[in-house]
Amino acid sequence: YMLKTDATKGAYLSDLAGMTLYTYSNDTAGVSNCTGGCATAWPPYSSGATAQKAFPASITVIARADGSKQFAWKGMPLYYFQNDTVVGQITGDGVDGFVLAK
């Protein structure tokens with residue numbers, strides 16, 4: 001992950017390619033409650049989520065209900081927003097209970 005800064009939003013997390021990451025207010029530590037249509041609009045950050053040993057202590061890998069793996073920040077599952085199509089876009093902050101991962 002990378003820490004980025006926006007002039008109005010402040011510090012936030014992105015993936016290694018620079019795409020913005022979000023958390024979901026309806027999730028609990030280690031549990032993703034975003035499935036079906038939610039996961040279409042808010043794709044789970046899962047690329048390369050296989051083993052925790054290679055990640056910083058604050059990044060973990062959780063198992064989703066379907067058995068797939070997803071990255072989490074301080075226990076909270078991480079997501080992309082489908083409308084963020086280029087690096088640096090932050091269009092999902094505050095939408096449907098999703099906020100920037102900080």
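Welcome to this protein, which contains one helix and seven strands. The model you are looking at is predicted. If you follow the chain from its start, the elements come in the order β-β-β-α-β-β-β-β. The radius of gyration is 12 Å, close to the 13 Å that the globule rule gives for 102 residues, so the protein is as compact as a globular protein of that length. Along its principal axes, the C-alpha trace spans about 35 × 30 × 20 Å.

Let us look at how the chain is packed. Of the 102 residues, 39% are buried. Among the contacts between residues at least 6 apart in sequence, 58% join residues at least 24 apart. On the outside, the protein exposes about 5,200 Å², and carbon and sulfur atoms supply 56% of that area. The protein has 7 positive and 7 negative charges, and the mean positions of these two groups are 9 Å apart.

Now step inside. The largest nonpolar core has 13 residues. Those with the most contacts inside this core are Tyr-22, Tyr-24, Cys-34, Cys-38, Trp-42, Tyr-79 and Phe-98. Strand S3, helix H1 (37-41) and strand S7 (98-100) each supply at least two of the core's residues. The largest share, three residues, comes from H1. Trp-42 is a good place to pause: leaving aside neighbours within four places in sequence, Trp-42 is in contact with Tyr-22, Cys-34, Tyr-79, Tyr-80, Phe-81, Gly-92, Val-95, Asp-96 and Phe-98. There is also a second, separate core of 11 residues, which includes Ile-59, Val-61, Leu-78 and Tyr-80.

Next, turn to strand S3, which covers residues 22-24 and holds Thr-23. Is Thr-23 buried or exposed? Its relative accessibility is 13%, and since buried means under 20%, Thr-23 counts as buried. Not counting residues up to four places away in sequence, Thr-23 touches two stretches of the chain: Met-76, Pro-77, Leu-78 and Tyr-79 are among its partners, and so are Gly-97, Phe-98, Val-99, Leu-100 and Ala-101.

Our last stop is Phe-71, which lies in strand S5 (residues 69-73). With a relative accessibility of 4%, Phe-71 also counts as buried. Where does the chain pass by from elsewhere in the sequence? Ser-47 is 24 residues away from Phe-71 along the chain, and the C-alpha atoms of Phe-71 and Ser-47 are separated by 8.4 Å.

Conventions
Residues numbered from 1 in each chain as written. Predicted model: local features only at pLDDT ≥ 70, side-chain atom pairs only at ≥ 80, totals over all residues. Heavy atoms only, no water. Helix = DSSP H or I, 4+ residues; strand = E, 2+ residues; numbered from the N terminus. Rg over C-alpha atoms; globule rule 2.2 N^0.38 Å. Buried < 20%, exposed > 50% of the residue type's maximum accessible area, 1.4 Å probe, protein only. Contact = heavy atoms within 4.5 Å. Areas by Shrake-Rupley, 256 points an atom, 1.4 Å probe, with all protein chains shown as cover. Lys, Arg positive; Asp, Glu negative; His and termini not counted. Charge placed at Lys NZ, Arg CZ, Asp CG, Glu CD. Core = buried A, V, L, I, M, F, W, Y, C linked by side-chain atoms within 4.5 Å.
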